Amino acid sequence: MELLGVVSLLLALAGEVCSKPTYRKERVYQEPELSDQLHEDNKSFQYDHEAFLGKEEARTFDQLTPEESKDRLGKIVARIDNDSDGYVTTEELKNWIKRVQNRYIYENVAKVWKDYDMNKDSKVTWEEYKQATYGYYLANPEEFEDASDQFNFKRMLPRDERRFKTADLDGDTSLTREEFTAFLHPEEFEHMKDIVILETLDDIDKNGDGYVDEDEYIADMFAHEDGGPEPDWVKTEREQFADFRDINKDGKMDKEEVRHWILPQDYDHALAEARHLVYESDVNKDQLLSKEEILENWNMFVGSQATNYGEDLIRNHVEL
């Protein structure tokens with residue numbers, strides 16, 4: 001397992017050690033659409049189905065009868081109601097939709113969980129992670145005599161520890177499955193966004209002044225190796241930097257400008273869909289959805305088709 005961990009790390013570091021390619025690197029995180037379908041409730045609830053259940057699950061709806069579908073929807077409602085007060089809030093529904101849309105992330109974490117939870121106590125400590133990821137390097141430093149390798153290993157270890165501590169919300173020096181998911185996929189969790197910004201600055205801010213100037217911005221995505229003219233897209237990026245990235249026009253990007261660049265605050269699709277579902281299903285207009293209200297409007301949430309979510313509930317598959 002240690003060898004696998006260090007191989008993975010070496011692959012991750014390859015981009016740091018090797019020369020940069022001459023094509024554009026994409027750092028901007030864009031939240032994906034909830035569905036490819038048009039949001040036309042007067043014609044179809046397909047958009048709502050895919051948003052609520054995920055695209056793959058929505059495709060299997062026709063495996064269940066309406067009765068089976070409503071029965072399994074009732075079980076899903078219980079899981080959405082995080083505080084178990086008998087009502088689903090807009091916030092709970094939004095969080096559920098985001099979780100469903102990111103299901104692949106949780107499935108990926110489930111696949112690697114056993115490699116890090118060495119003592120099988122359903123938590124990953126920093127020592128467990130460090131051993132699984134850096135154990136081979138720490139035990140055999142003589143095999144990594146290259147200066148670049150040494151620099152990158154020494155750089156990545158404290159960087160990972162900083163991210164680990166940020167993901168450890170309860171401060172018990174170990175990560176639950178949810179916290180470990182945030183550690184591995186920080187861009188998907190609001191409380192991890194500052195770490196994404198710091199790590200981006202670590203990567204791009206070569207002169208260590210805490211800012212990203214235009215040359216550093218361009219160097220991150222383009223290596224001028226042949227001495228020829230810059231491609232047109234690089235010239236466009238320089239214009240983008242001056243016109244849009246450098247908001248306060250001081251010739252460089254600070255942390256907030258980097259945040260605006262890589263984590264743009266665009267339309268929140270999950271929140272909009274949650275509000276829509278609440279508005280359409282909230283019979284008594286108390287801004288809360290009871291289980292009865294959701295089941296009354298079941299065809300908007302799941303229709304007369306099935307989801308393999310129902311099968312997941314039976315098989316005790318990976319929980320969302």
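How many residues does helix 6 have, and how far does helix 6 reach from its first C-alpha to its last? The legends below take up this helix and then other parts of a predicted model.

**Figure 1. Helix 6, from end to end, in the predicted model.** Helix 6 covers residues 103-116. It has 14 residues and reaches 20 Å from its first C-alpha to its last. That span is close to the 20 Å expected at 1.5 Å a residue. Helix 6 also bends, by about 30° at Ala-110. Its buried residues are Arg-103, Ile-105, Tyr-106, Val-109, Trp-113 and Tyr-116. Among them, Trp-113 and Tyr-116 belong to an aromatic cluster, shown in Figure 3.

**Figure 2. A stacked aromatic pair in helix 9.** A search of the whole structure finds 11 aromatic pairs. One of them joins Phe-180 and Phe-183. The pair is stacked, with 5.9 Å centre to centre and 25° between the planes. Both residues lie in helix 9 (residues 177-184), three residues apart, so about one helical turn separates them. An α-helix has 3.6 residues a turn, so residues three or four places apart point the same way. Are the two rings' residues buried or exposed? Phe-180 counts as buried because its relative accessibility is 0%. Phe-183 is buried too, at 1% relative accessibility.

**Figure 3. One aromatic cluster.** Seen with its neighbours, the pair of Figure 2 is part of a wider group. Phe-180 and Phe-183 sit in one aromatic cluster with Trp-113, Tyr-116, Trp-126, Tyr-129 and Phe-164. Trp-113 and Tyr-116 are buried residues of helix 6. Phe-180 and Phe-183 come from helix 9.

**Figure 4. An edge-to-face pair at helix 12.** Phe-222 and Trp-233 form an aromatic pair. Their centres are 6.0 Å apart, and the planes meet at 85°, which is edge-to-face. Phe-222 lies in the loop between helix 11 (214-219) and helix 12 (232-245). Trp-233 lies in helix 12 itself. The pair therefore ties together parts that are 11 residues apart in sequence. Phe-222 counts as buried, at 9% relative accessibility. Trp-233 is partly exposed, at 26%.

**Figure 5. Positive phi at Thr-173 and Gln-287.** Phi of Thr-173 is near 65°, a positive value in a residue other than glycine. Where is Thr-173 found? Its place is the loop between helix 8 (147-167) and strand 3 (174-175). Thr-173 is exposed, with a relative accessible area of 56%. Gln-287 also has a positive phi, near 65°, and is likewise not glycine. Gln-287 lies in the loop between helix 14 (269-281) and strand 6 (289-290). At 53% relative accessibility, Gln-287 counts as exposed.

**Figure 6. The whole chain and its low-confidence stretches.** The protein chain holds 17 helices and six strands. Of its 320 residues, 42% count as buried. About 17400 Å² is exposed, and carbon and sulfur atoms supply 50% of that area. Among contacts between residues at least 6 apart in sequence, 66% join residues at least 24 apart. The average pLDDT is 79, and 72% of the residues score at least 70. Over residues 1-24, pLDDT stays under 50. The model has 47 contacts beyond four places in sequence for this stretch. Residues 304-320 also have pLDDT below 50, with 53 contacts beyond near neighbours in sequence.

Definitions and conventions: Residues numbered from 1 in each chain as written. Predicted model: local features only at pLDDT ≥ 70, side-chain atom pairs only at ≥ 80, totals over all residues. Heavy atoms only, no water. pLDDT = per-residue confidence, 0-100. Contact = heavy atoms within 4.5 Å. Helix = DSSP H or I, 4+ residues; strand = E, 2+ residues; numbered from the N terminus. Expected span 1.5 Å × (residues − 1). Bend = angle between axes of the 7 residues up to and from the residue. Buried < 20%, exposed > 50% of the residue type's maximum accessible area, 1.4 Å probe, protein only. Areas by Shrake-Rupley, 256 points an atom, 1.4 Å probe, with all protein chains shown as cover. Phe/Tyr/Trp six-rings, centres within 6.5 Å; stacked < 30°, edge-to-face > 60°.
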